[in-house]
Amino acid sequence: EPQAIASATVYSQPGNVLYDNGPLVNSPGTGAGGADESILQTLLGMNTYGLGHQVDAGNRVADDFTVTNPQGWYVNSIVFFAYQTGSPLTSTLTAVNYRIWDGPPGDPASHVIYGDPIANRLASSSWSGIYRVTDANSGSDTTRPIMASTVGAGVFLPPGGYWLDWQTDGDLGSGPWAPLLAITDVITTGNGLQFSGGNWHVAVDSGTLTQQGFPFLLVGCAPQELPWLTTTPISGTTASGAASVAALTFDATGLVVGTYTGTLCVVSDDPLKSAATVPLTMTVDPAVDLTLAKTAQPDPVPVGGTLTYTLVVTNHGPATATLATLIDTLPSEVTYQSATPELGTCSQASGVVTCDLGDIAVGGTVSVEIVVTAPPNSMIITNTAQVAALEFDLFPGDNTATLATEVKLYTLFLPI
């Protein structure tokens, strides 16, 4: 009786798939035990379950892909698919080697840019949850369970076209075989190649003699160009069980108001740890640069005399200052008389003058005159005021103005 899916370890596809050269499944859920099926369509004249890419026979298969992201791809791992006829649902595959080319394998103008035909890069292999069957034995045939084999990569690929060729080894006498793509009612499924007999040639179905493609997955991260983001450091080594900290700096200099999004790629050379993608969002709010200047007349002021403070608020932009507010904390020694704004309204309570100036356009200024009575004694009095708006202020240090004024007792000498 077919082994149920629940009792087998089934491969789980990672979430960070950059590229899928499939489809491999053309009949989901119709297989024994509820498995998916990759159906060879014999009713269309097709006759090939898979093509050999065995290590012991020196066979290989290849297919192409294109890196479409303008900033390239970080490929953390690759998933290949293979089966050995008569295998259990526990993988019998033991080795995978591969190469990445800048053109078709075997073409004199092509070059290997990563990998080699010897090194075993297999990290894990488990049943994919798929059986390779024909349309005649769909639902019952379990002799060809397809395994998903994850191999390490850790390579950056700039935009452009590439070819991938690979070879698989296993414990059983059959194969390993590379299953062909399965597309319902389609007999030409791709532009794959096979190396056998010492030469590369077109991978074809033996029944229809049409060219076929091979399934594989590229797993990793597609970086984005984010000029407003700086990461420190950009690389390093993290020991097993340890943690590393990276500082992210967001810089809105020169950016217009709005929301900016991107993705941070965190990749490693561990094929069993999928590359992590961290969504990033930066909101650029309207910003202003308010300045506050203050003068006092007269200075010095006679004891008991009238002193006028003039405060000038300027908005240097780049945005309109919304609901600007000026707060002036008067010296405790003076007596408040009045406050007159050029724009808006002012009120006074317990020696604190508050002026609601409204909106100030870029380049605009608003002045406020505050009149007080100087104290009856000689002294230095200090007045501090500050201004703010709803927007973020680029240079808050010049939003506050403090002024010291001398209160002086004048002596009048009259002739006698």
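Are cysteine 221 and cysteine 265 buried or exposed? Both are buried. I start with that pair in this note on a predicted model, then go through the other spots I'd look at.

1. **The disulfide of cysteine 221 and cysteine 265.** The sulfur atoms of cysteine 221 and cysteine 265 sit 1.7 Å apart and form a disulfide. Since cysteine 221 belongs to strand E14 (residues 216-221) and cysteine 265 to strand E17 (residues 258-266), the bond ties together parts that are 44 residues apart in sequence. As for its hand, the link is left-handed, with -75 degrees about the S-S bond.

2. **The disulfide of cysteine 346 and cysteine 355.** Here the sulfur atoms are 2.0 Å apart. The torsion about the S-S bond is about 110 degrees, so this disulfide is right-handed. What about burial of the two partners? Cysteine 346 is partly exposed, at 21% relative accessible area, whereas cysteine 355 has 1% relative accessibility and counts as buried. Note that the cut-off for buried is under 20%, so cysteine 346 at 21% falls outside it.

3. **The disulfide tally.** How many disulfides does a search of the whole structure find? It turns up two. With the bonded cysteines numbered in sequence order, the pairing reads 1-2, 3-4.

4. **Aspartate 141.** Look in the loop between strand E8 (122-134) and strand E9 (145-157) for this one. Aspartate 141 has a relative accessible area of 10%, so it counts as buried. Which side chains does it reach? One polar contact, of 3.1 Å, runs to the side chain of asparagine 137, and another, of 2.8 Å, to that of threonine 143. Setting aside neighbours within four places in sequence, aspartate 141 is in contact with Tyr131, Arg132 and Val133.

5. **Cis peptide bonds.** Two places to check by eye. Glutamine 297 and proline 298 are joined by a cis peptide bond, with omega about -10 degrees; proline 298 lies in the loop between strand E20 (290-297) and strand E21 (301-302). The bond from glycine 317 to proline 318 is cis too, with omega near 10 degrees, and proline 318 sits in the loop between strand E22 (306-315) and strand E23 (321-329).

6. **Positive phi outside glycine.** Aspartate 185 isn't a glycine, yet has a positive phi of about 65 degrees. You'll find aspartate 185 in the loop between strand E11 (177-179) and strand E12 (193-196), and at 63% relative accessibility it counts as exposed. Leucine 323 also has a positive phi, near 50 degrees, but leucine 323 is placed in strand E23.

7. **The second largest pocket.** Its volume is about 310 Å³. Which residues lie nearest its centre? Those are Ala252, Leu255, Val284, Asp285 and Ala287, out of a lining of 16 residues. By type, the lining splits into 12 nonpolar residues, three polar and one charged. Asp counts as charged, and Asp285 is part of this lining, so the one charged residue is Asp285 by that scheme. Strand E18 (residues 276-284) gives the most to the lining, with three residues.

Conventions. Residues numbered from 1 in each chain as written. Predicted model: local features only at pLDDT ≥ 70, side-chain atom pairs only at ≥ 80, totals over all residues. Heavy atoms only, no water. 1 Å grid on protein atoms, 1.4 Å probe; cavity = no way out; pocket = protein on both sides within 12 Å on 5 of 7 lines; lining within 4 Å. Points joined across faces, edges and corners; volume = space filled by probe spheres on them. Helix = DSSP H or I, 4+ residues; strand = E, 2+ residues; numbered from the N terminus. Disulfide = S-S within 2.5 Å. Buried < 20%, exposed > 50% of the residue type's maximum accessible area, 1.4 Å probe, protein only. Polar contact = N/O pair within 3.5 Å; in protein donor to acceptor, adjacent residues only side chain to side chain. Contact = heavy atoms within 4.5 Å.
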